[in-house]
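Please look over the sequence and the model shown here before reading on. The report after them is in plain running text with one table.

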Amino acid sequence: MWEALDILTQANFWAATIRIATPLIFGVLGALLCERAGVLNLGIEGIFVAGAMSGWLAVYLGLPLWGGVVVAALVGSLFGLVHGVLTVPLGLSQHVTGIGVTLLATSMAYFGYRVAFPNVATPPRIEPFAPLDVPLIGDLPFIGPILAQQTGFTVLAFACVGVLAFVLARTPLGLALRAVGDNPEAVEAQGLSVVALRIGAVMAGSALMALGGAFLTLSAFNAFYFGMINGRGWVCIALTVFASWRPGKALLGALLFGALDAYQLRIQTIAGGVVPSQIFLMLPYIFSIAALVLVARRADYPRALMKPYFKGQR
Amino acid sequence: MPSQGSTCEAPHDPRPLVLSLKGITKRFGPLTANDHIDLDVRAGEIVALLGENGAGKTTLMSILFGHYIADEGSVSIADADGKLAPLPGGSAQAALAAGIGMVHQHFALAENLTGFENIVLGTQSLWSLRPRGRGARDKIARLMAESGLAVDLDVPVARLSVGEQQRIEILKALYRDVRVLILDEPTAVLTPQEADSLAATVRTLAGKGLAVIFISHKLHEVLALCGRVVVLRGGTKVADRPTAGADRATLAELMVGRAIPARERPPSTPGAPVLSLRRVSVGALSQRDRLEGADLDVRAGEIVGIAGVSGNGQGALAALVAGLAAPRAGEAMIDGVRLAGADPAGRVAAHVGRIPEDRHRDGTIGSLSVAENFVLETISAPENQRAGLIRRAAIRARAMEAIQAYDVRCPGPDAAIRALSGGNMQKVVLARVLEREPKLVLAHQPTRGLDIGATTDVHRRLIAARGRGAAVLLISEDLDELFALSDRIAVVHAGHLSPALDAAGLDVRTVGLMMAGHGAGEAA
Ligand SMILES: Nc1ncnc2c1ncn2[C@@H]1O[C@H](COP(=O)(O)OP(=O)(O)OP(=O)(O)O)[C@@H](O)[C@H]1O
Ligand SMILES: [Mg+2]
């Protein structure tokens, strides 16, 4: 019993929580940015894969690590452009297009990998981001060891939370984004372009999603594997509802999920013999479903979410 | 084709021209919504734009504001020096920059933003890092003081009343220093008091040199407020004349193209109560929209009007009668049967005909055809289905008959009902309700947004239903309508329903005061 609680006092557990949460933070931020503007982006799962693969490949081919990050973001925004053009000016079904983008991006990433490495037995490796070495804070008890296991990429994720929260709440751009997800007619009537705002939001959001993937190959691990995204994108879609489309709550949701995942890994070793390990594996996902059921009933969806807008039509 | 009709403008209007439309034409497929329309507007002028539902008023204004692109014709607007310059079409941004502001028939507000945010939206570079602050607030405060439009700027628009939302819409236009203000049916959703205060505001603004284009179906408002009327009929301009010397009958005739027959209301002798409420309470739909201990009888062969500012309990009353809400206390009976739970299907079976307040949301299903909407309530009746399969041909044939009988203007029974104008949609609802010869008719705001022709039609049908022996419960905010139709009138305020009094013994002023919360005794 005490062992179960003892886990919570281990710096290692908290470090793992943050590491597991980081890609989700990127993903939820990206999804909520798209959805705030009124576009559901189910391309997320595939964009994660494409970001993971392209960022890693760029570094493998000789770019610096941050260069890989930029490449992943660019690739993500390209897939965002595809999704945006199909769903915004053309008004295609956002569900169908999103799933199409996921299939396309996933296959392209796998295909590209196979073409680049036709016959390798073990996946090639890169030198990933090194843990932070912060003077003073690094020497603090408890906090120090947690921080010492994180990388600059995680810092970027936390910074993105703050930046996105600021942009949405405090700037004219954020105002326009929130408005276009609620009533595009209002945006049009104030002389702004609905199409430009929505496509821009989807591109930026997709870039964030791709960073989530890149974190896995450039920071959490050091190689690209097939199936490594493993539903993380879908989890982000659920967490977006849990977060009520707010960056602060998105951070909270991602950390909660990360904590549950880190916890189940550790409790397995304690209670392993008694309870089947699959039960523990399910825990974080049961949490997302439960959170969805509890929160989604009262969720305040952006009013224009998934409603295409055509100028001059009633 | 030049517009025909009486063009008798004042010969020497000294005020400068601010806006000039020439030969504007707009087609939607085979339909010509605007046919070579010319319109000049001068500074400080209030021009009414009249026309039946679907005459093309909103289309014309949408072209002016850049939502639609005209197929032919041009728009010119005075620049800062007063010289007319052409306005590029199809861009709301260009229209705003040229000083045109529009208050939309269906408000263009983001409801998750505050009033302040809606007003400043799009007024500065999107890449700026600092949002509008003090300066903007001062300017809005000044505009509010000048125009008399007071409203809380810091709550989300979703929480404002319709009247308050409209004030935000107007402030939004004024904030951009417009020189031409378009008001598209601004009073359709306002209470009489709010409409009066809006009229006062518009006068103040025009006094400061703003040109106003005012669209309304309420002719008394137009006569009181506007100096000139422009009438559209079927997309063409049929009249452009000063209001002086015109009356409601002449304007109505110009709009419809024929004289509107006066309403006749033959006397009728009421029978036994069909709807009877004894100390009935209905739970809250919103904070104020509930009913407490209401007593009411509506007898066969009479129309009982319920006056009141919307949201004071008529929603709860309508929900009770329509079977959407259950009585929380007291005894409610329809045709001798006690009402227990919420049971909309039971009301259909009990011969209650319902004309809902919002025909788009509750009265019709937009993507279904006219014929399908016509049988929505009775789809499981034997005349509409056999062995679980819909009898398309029979339904279609009866829908054709109803289209004829109720003069529904539509492409045919298979057209999606969404494509119909408001008045024609309402006629389909009316046909559905009245064809079944209901014992009790619930008419909730039956003529909101309808033109004078359609309104007269609805009134005629309701009076005919009464003549046939139906009990009619008419809920309306329009006092003219209530007095024209009702045998007895009750007033609802803050959930309390006054006794229904003989309409002949009441006057508009008394009812108006009761709607504002003064008791009958006090008001008299
Ligand atoms: N985007 C559109 N596509 C197709 N038809 C349209 C469109 N907009 C308007 N129409 C049609 O053009 C005609 C004119 O419509 P408009 O909205 O201008 O009428 P209106 O005079 O404003 O009527 P109301 O009093 O009901 O508001 C109608 O027959 C309408 O169905
Ligand atoms: Mg209109």
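What follows covers confidence, the sheet and helix of one chain, a metal site and the contact between two chains.

**Confidence**

This is a predicted model. Its scores are ipTM 0.91 and pTM 0.86. In chain B the average pLDDT is 89, and 96% of the residues score at least 70. Residues 1–10 of chain B stand apart from that average, with pLDDT under 50 throughout. For that stretch the model has 16 contacts beyond four places in sequence. Where pLDDT is low, predicted coordinates should not be read in detail.

**Sheet and helix in chain B**

An open sheet in chain B is built from 4 strands, in the order β3-β2-β5-β6, with antiparallel pairing. At its edges are β3 (31–42) and β6 (84–86) of chain B, each of which pairs on one side only. From one strand to the next, the twist averages 20°.

Strand β2 of chain B, residues 17–28, pairs with β3(B) in the antiparallel sense over 8 bridges. L19(B) has V41(B), in β3(B), as its bridge partner.

Helix α1 of chain B, residues 57–65, lies across β2, β3 and β5 (72–78) of chain B. The helix runs at about 115° to β2(B).

**The magnesium site**

Helix α1 of chain B also takes part in a metal site, through T58(B). The magnesium ion (ligand 2) has T58(B) (OG1) and Q105(B) (OE1) as its protein donors, at 1.9 to 2.3 Å. Q105(B) sits in the loop between β7 (100–103) and α3 (115–120) of chain B. The two donors are 47 residues apart, and the pair links distant parts of the chain.

Are these donors buried or exposed? The table gives the values.

| Donor residue | Relative accessible area | Class |
|---|---|---|
| T58(B) | 24% | partly exposed |
| Q105(B) | 32% | partly exposed |

The class partly exposed lies between under 20% for buried and over 50% for exposed. T58(B), at 24%, therefore counts as partly exposed. Q105(B), at 32%, is likewise partly exposed.

**Contact between the chains**

How many residues does each chain bring to the contact? Chain A gives 25 residues and chain B gives 33 residues. The two chains bury about 2200 Å² between them. Of this area, 61% is on carbon and sulfur atoms. On the side of chain A, P172(A), L175(A) and Q190(A) supply 28% of the area that chain A buries against chain B. That is more than any other three residues supply.

Note on methods: Residues numbered from 1 in each chain as written. Chains lettered and ligands numbered in written order. Predicted model: local features only at pLDDT ≥ 70, side-chain atom pairs only at ≥ 80, totals over all residues. Heavy atoms only, no water. Pairing = 2+ DSSP bridges. Axes fitted to C-alpha atoms, helices over the stretch in contact; angles between N-to-C directions. Contact = heavy atoms within 4.5 Å. pLDDT = per-residue confidence, 0-100. Donors = N, O, S within 2.8 Å, 3.2 Å for Na, K, Ca; no water. Buried < 20%, exposed > 50% of the residue type's maximum accessible area, 1.4 Å probe, protein only. Buried area = accessible area lost by both parts, 1.4 Å probe.
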